[in-house]
Amino acid sequence: MGEPSGAETWYPVNGHPSDKATYTLRITVPKPYDVASSGRLLRITDDGDRRTFLWETRDPVASYLVALHIADLDETTAVGPRGLPIRNYFAHAISASDRASFDRLPAMIAYFESAFGPYPFEAYGATVVDEAFGAALETQTMSTHSRDAVAESVVVHELAHQWFGDSVGLERWQDIWLNEGFRNVRGVALDGAHPRCGCAGRDPPPMVRRARRARPAARPLDADGDERARAHQRGARRLPGLISRQEALSALGVAAAAELEHIPASEALPQLRPPPRALQPVTVGDPGPDGLFRG
Ligand SMILES: [Zn+2]
């Protein structure tokens, strides 16, 4: 999870988002470990008690988006539009229902292709690790999910980043809001709600309405509002400064989330004392190093 920095702690690299490169990873591990990485798995060489996995990317990757997982993993495969290979890896502890969040990846990819254009890479997949750190990252062609970040809305989120964030990449970290901004527009278009905060969504802009009319899926991709709310509560507990929806409602003295629509941020923020760090205003396009991921 090398966003924004971290890749340079496990391999020698110029860890700048604009310095993309293609990668070949040749990783030898003792059995029964598997290796999941970015690009395509070209070869597995069996050497008795060890195996060597050869992964290679056709397309350039920003260093923070290179994936490498070494664990004893279950592998599933599927096929996306025009034969796109999909390869998912799950730690043994991941439940069948959590794994099911990834079942509709081919339909999700087809939807995004109808909105964005062709899927930009040679493969896709996700790895769900047996750790509960409440986050996922759009590591290129092989998204990384913690075991408590596997709601279908998160799967959609990381997939959408393959177009915005990965293929269309950052020139500088100040522009990180574009990664999440384009991605969130697509999330709204897809399920009518903001996938991360679980709000009901507002009147969509024309481009979103057009995308909704064009969408092939008959049912919303994330109908599980309860799961979203639970995930939000878990995240709120874990991240200092981030408050839950209920805490915000109490602090502002309103009964229902819908009423928040009528309170300007300039009035609401002073009532949230001290203002949660996650809600403190930042300058769009120049959030500072500590504000890169602030709401
Ligand atoms: Zn994101």
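## Burial and helix α2

A residue is called buried here if 20 or more other C-beta atoms lie within 10 Å of its own, and by that criterion L105, M108, I109, Y111 and F112 are the buried residues to consider in α2 of this predicted model. These residues cover an arc of only 160 degrees around the helix axis, which puts them on the same side of α2.

The helix itself has 12 residues and reaches 16 Å from its first C-alpha to its last, close to the 16 Å expected at 1.5 Å a residue. Following α2 comes G117, a residue whose phi is positive, near 110 degrees.

## The nonpolar core

In soluble globular proteins, nonpolar side chains tend to be buried together. In this model the largest nonpolar core has 44 residues, and those with the most contacts inside it are V66, M108, I109, F112 and L159. At least two residues of this core come from each of several elements: the strands β2 (34-37), β4 (50-56), β7 (85-91), β8 (126-129) and β9 (136-137), together with the helices α2 (105-116) and α3 (152-161).

## Overall composition

The protein has 8 helices and 10 strands, and 30% of its 295 residues count as buried. Among contacts between residues at least 6 apart in sequence, 58% join residues at least 24 apart.

## The five-stranded sheet

Strands of a sheet pair through backbone hydrogen bonds, either parallel or antiparallel. An open sheet of 5 strands is present in this model, with the order β6-β7-β8-β10-β9 and mixed pairing. Because β6 (73-79) and β9 stand at the edges, each with a single partner strand, one side of each is left without a neighbour in the sheet.

At one of these edges, β9 and strand β10 (residues 143-146) pair in the antiparallel sense over 2 bridges, and within this part of the sheet A136 stands opposite H145 in β10.

## The surroundings of G15

G15 lies in the segment before β1 (24-30) and is partly exposed, with 17 other C-beta atoms within 10 Å; that count falls between the limits for exposed residues, 12 or fewer, and buried residues, 20 or more.

Leaving aside its neighbours within four places in sequence, G15 is in contact with S5, A7, E8, S63 and Y64. Of these partners, Y64 is 49 residues from G15 in sequence, while the two are 7.1 Å apart in space, C-alpha to C-alpha.

How values were computed:
Residues are numbered from 1 along each chain as its sequence is written. This is a predicted model: local features need pLDDT of at least 70, side-chain atom pairs count only at pLDDT 80 or more; totals for chains, interfaces and linings use all residues. A nonpolar core is a set of buried Ala, Val, Leu, Ile, Met, Phe, Trp, Tyr and Cys residues joined through C-beta atoms within 7 Å. Helices (H or I, at least four residues) and strands (E, at least two) are DSSP runs, numbered from the N terminus. Two residues are in contact if their C-beta atoms, placed from the backbone, lie within 7 Å. The expected span of a helix is 1.5 Å times one less than its number of residues. The arc is that of the directions from the helix axis to the C-beta atoms. Two strands pair if DSSP finds at least two bridges between them.
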